[in-house]
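Got your viewer open? Let's take a walk through this chain, one selection after another.

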Amino acid sequence: MTEKPSQAEAEDAIRVLLRWAGEDPAREGLLDTPRRVAKAYGDWFSGYGEDPREFLQRTFKEVAGYDEMVILRDISFESHCEHHMAPIIGKAHVGYLPNGRVVGISKLARVVETYARRFQVQEKMTSQIAGCIEHVLQPLGVAVVVEAAHECMTTRGIHKRGVSMVTSKMLGTFRDDARTRMEFMQFIGMTNGK
Ligand SMILES: [Zn+2]
């Protein structure tokens with residue numbers, strides 16, 4: 001990782017992009033824009049300052065013998081593609097088959113959010129979420145499906161609106177056992193052509 005630039009350097013870079021777009025960064029309406037954009041980057045890319053593995057450290061063992069899959073579906077997220085720095089808007093569905101330990105359900109959403117708040121490639125993000133859960137919780141299996149629209153595709157280039165990309169990563173039981181995988185896909189509503 002290279003050294004983090006100063007706020008002033010970041011704001012200068014945004015002025016350059018404004019000029020590149022054909023604007024005058026000294027125009028009144030744009031005077032505060034570099035500062036606002038730099039601040040927005042702090043939100044959009046806060047994931048670099050967090051370690052998603054930490055969210056999964058606290059687990060619960062008293063689950064009364066619960067050994068079926070746990071699924072959190074429709075976790076909405078906003079990310080940015082690393083190729084165009086354009087938004088990726090979508091949702092993730094995460095499931096795992098506990099191996100005696102479960103995690104607070106909101107923590108799964110935080111894992112998704114942390115990876116989303118970085119520059120991403122959807123395939124990579126899908127793998128990272130699954131890998132993180134597998135690594136920390138060591139469950140019998142992990143399933144992650146991500147559906148998202150890429151604004152680099154919907155607002156420029158071939159301008160295809162309403163197109164979403166679907167990626168999935170299946171580990172352990174979800175990979176090896178078609179019935180388990182099918183059960184997960186049914187829970188998240190992704191079977192029978194839906
Ligand atoms: Zn892109």
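Start by selecting residues 7-21, which make up helix α1. Helices here are DSSP runs of H or I with at least four residues, strands are runs of E with at least two, and both are numbered from the N terminus. Helix α1 has 15 residues and reaches 21 Å from its first C-alpha to its last, close to the 21 Å expected at 1.5 Å a residue. (The expected span is 1.5 Å times one less than the number of residues.)

A quick word on what you're looking at: this is a predicted model, where local features need pLDDT of at least 70 and side-chain atom pairs count only at pLDDT 80 or more, while totals for chains, interfaces and linings use all residues. Residues are numbered from 1 along each chain as its sequence is written, and side-chain values use heavy atoms, with hydrogens and water left out.

Stay on α1 and show the side chains of Glu11, Ile14 and Leu18, which are buried. Buried means under 20% relative accessible area, exposed means over 50%, and partly exposed is in between, using a 1.4 Å probe and protein chains only. Which side of α1 are they on? Glu11, Ile14 and Leu18 cover an arc of only 55° around the axis, so they sit on the same side of α1. (That arc is taken from the directions from the helix axis to the C-beta atoms.) Here's the rule of thumb: an α-helix has 3.6 residues a turn, so residues three or four places apart point the same way.

Now spin the helix around. On the face turned away from the buried side of α1 you'll find the exposed residues Leu17, Arg19 and Trp20. Add residues 33-44 to your selection: that's α2, and it is included in what covers the buried residues of α1. Just after α1 comes Gly22, with a positive phi near 105°.

Next stop, the metal. Select the zinc ion and show Cys81 (SG), His84 (ND1) and Cys152 (SG), which coordinate the zinc ion at 2.2 to 2.3 Å. Donors are N, O and S atoms within 2.8 Å of the metal (3.2 Å for Na, K and Ca), and sites may look incomplete since water is not among the atoms. Along the chain, the donors of the zinc ion follow the spacing C-x2-H-x67-C. Cys81 belongs to strand β2 (residues 70-81) and Cys152 to helix α6 (residues 151-154), so this pair ties together parts that are 71 residues apart in sequence. Cys81 is buried at 4% relative accessibility, and Cys152 is buried too, at 12%.

Time for some rings. A pair of aromatic rings is described by the distance of the centres and the angle of the planes. Rings of Phe, Tyr and Trp (its six-membered ring) pair if their centres lie within 6.5 Å; planes under 30 degrees apart count as stacked, over 60 as edge-to-face and the rest as tilted. By this rule there are four aromatic pairs. Try Tyr41 and Trp44: their pair is tilted, at 5.9 Å centre to centre and 55° between the planes. They are three residues apart in helix α2, so about one helical turn separates Tyr41 from Trp44. Are they buried or partly exposed? Tyr41 is partly exposed at 32%, and Trp44 is partly exposed at 41%.

Jump to Phe174 and Phe184, with ring centres 5.7 Å apart and planes at 75°, so this pair is edge-to-face. Phe174 is in helix α7 (residues 173-176) and Phe184 in helix α8 (residues 178-187), so the pair ties together parts 10 residues apart in sequence. Phe174 is buried at 0%, and Phe184 is buried at 0% as well.

Finish inside. The largest nonpolar core has 32 residues, and those with the most contacts inside it are Leu56, Phe77, Val94, Tyr96, Leu108, Ile129 and Ile133. A nonpolar core is a set of buried Ala, Val, Leu, Ile, Met, Phe, Trp, Tyr and Cys residues joined through side-chain atoms within 4.5 Å. The elements giving two or more residues to this core are β2, β3, β4, α4, α5 and β6 (141-150), and the largest share, seven residues, comes from α5.

Last click: a second, separate core of 10 residues, including Met69, Val145, Met170 and Met185.

Notes: Contact means heavy atoms within 4.5 Å.
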